Amino acid sequence: MTFMPNPHNQATPPAGRTVTKYGSDALLVTCGPDEQAADVLLAIDVAIPTVREAHCTEHAILVQFNAANTDVALLTDQLATILPSDFATHVEHLTLPIRYDGDDLTAVADRAHLTVTDVVALHTGATYTVAFDGFSPGFAYLTGLPPELHLPRLDSPRARIPAGSVAIAAHYCAIYPSASAGGWHLIGTSSAELFNAQRNPPALLRPGTTVRFEVAK
Amino acid sequence: MSIKILDPGVQSLLQDSGRNGYARFGVPPSGAFDMRSWRIANHIVGNAVHDTGEQRSGPAAIELLLGGLRLEATEDTSVAVVGAHVDVIRLSGYGDEKHSEQTGHPITLTAGSRLHVGRALRGLRLYIAVAGGFQPEMALGSASTDTVSRLGPNPLVKGDLLRVGIGSHSRSPSASLLAAPPATDGPLGIRIAWAVDSEGFGRTNAELLGANPWTVSPTSNRAGVRLYRDGGNQTKIHGDHEHRDGRSMPMHPGAVQALPNGELVIIGPDGPTTGGYPVVGVVDRDSLDSIAQARPGSTLELLAVGS
């Protein structure tokens, strides 16, 4: 990871970026409309390694620090002005084979007025980005789902979704790392190991990672 | 040297200062819910404490819910019980003589001695530390049990033989002066700082404070402590509370969410790292330690701390 300083050395916040207090030992960074929180998070990793913990959702980053030895005003300034474009960060790209056998696949096709073949073609034709992990360890919210497949969550969530289920809801696609309750539409199955506590890093899909899906042979 | 579990009581979990650095993978910090009592218990038996955020987590102690834990030492050692108000009995010698012991003090256990922790009369959680610390297998840098995602050691069961590290011989009887949790008869005062949610919850502050006191729901656990208003949920906090994945916000333990049914949830150590309901405030570590001792049915009062 390399740091290339902004040659103009102007410390102005990008449009829409705000930094607010989140209790006494954390700051909440809200990103502007043209930014990806995951990109800002990776830049924070490089530029401000002294923070205790930092994690994100699609448009926000929570930065936790040790209040006893942190200059909060300085940290606030740094978080307000940090530009991902000033840093070269490494992101991984993955291609995951999927069996398109989900219980909701036909229903999804019907609602989109498409055939199942069309749905599979749309899903495998897109490139996805991990916006953030949340909900449970290794559960990644992927953006990049084609608009034709955007659907609200199920009216009645399932009590149990099997591990490995590939699902969609709103503008996200996700794979359930472990069995859980859930209200997303099930379109397929992945045999990838999404989370392993013995592995470093433990999550396969991490903020910034790009993903494509292909039909499993 | 090992500690044998004869009875795990209501629930016994191994907890240390928690996991740090994995929130971005959806992994909550876990760790002791009442960090203050956990820290004091370890100090009493002479264990050096690694706090949250340090490279190493630890040392692990048993977090006991409500009471009923019975254990046996296989070799001479020292333990301490800190947290809720409870009776502690030591049984030792060939006749299993019973000796009354105090919480917040070092307790010497000779080989074969047993410890019986009674049922908490006041408070909710107890921390049982041993000289040398418990040493289960670590997961992601911590020996803590995450009750939601099942990371870390399993909850303790009868027959478990817990490995213990080598303890120092120093004991800190003076730590016992700090051990007793504050006894309150009225509502527990909880300091809440206001998170400025981008949806503009500024006017919610007065509503939340005006809605005091809040009652701790029996559905509370390490994932979160739910609060409701007595007399039903007629008073709903003004604002948009529908869960929206697209407006998920990152959280840490102590974050306070407002639910559509009028309840509040204080995120606990095993709680989710992101959430779609609005975060209306954050309670500080001190208050979180106190909340860990709040029994279902007890009341809390939210007190504003600056902004």
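**Strand pairing in chain B and its interface with chain A**

In chain B, strand E4 (residues 69-73) and strand E9 (residues 114-117) run antiparallel and are joined by three bridges. This is a predicted model, so take what follows in that light. Besides the pairing around E9(B), there's the interface to look at: 31 residues of chain B are in contact with 40 residues of chain A.

**Strands around E9(B)**

- On the E4(B) side, Glu72(B) has Arg114(B) of E9(B) as its bridge partner.
- E9(B) also pairs with strand E6 (residues 88-92) of chain B, again antiparallel, with four bridges between them.
- In that pairing, Val88(B) sits opposite Val117(B) of E9(B).
- As a general reminder, side chains in a regular strand alternate between the two faces of the sheet.

**How much chain B and chain A bury**

- Interface size is often quoted as the accessible area lost when the parts come together.
- Here, about 2,800 Å² is buried between chain B and chain A.
- Carbon and sulfur atoms give 59% of that buried area.

**What holds the contacts across the interface**

- Chain B and chain A share one salt bridge.
- That salt bridge links the side chains of Asp45(A) and Arg24(B), at 2.7 Å from N to O.
- Ten residue pairs are in polar contact between chain B and chain A, with both residues at pLDDT 80 or more.
- On the side of chain B that touches chain A, strand E15 (249-250) and strand E19 (279-283) each supply at least two residues.
- The residues on that side of chain B split into 16 nonpolar, 13 polar and two charged.

Methods: Residues numbered from 1 in each chain as written. Chains lettered and ligands numbered in written order. Predicted model: local features only at pLDDT ≥ 70, side-chain atom pairs only at ≥ 80, totals over all residues. Heavy atoms only, no water. Contact = heavy atoms within 4.5 Å. Buried area = accessible area lost by both parts, 1.4 Å probe. Salt bridge = Lys/Arg side-chain N within 4 Å of Asp/Glu carboxyl O. Polar contact = N/O pair within 3.5 Å; in protein donor to acceptor, adjacent residues only side chain to side chain. Nonpolar A, V, L, I, M, F, W, Y, C, P; charged D, E, K, R; others polar. Pairing = 2+ DSSP bridges.
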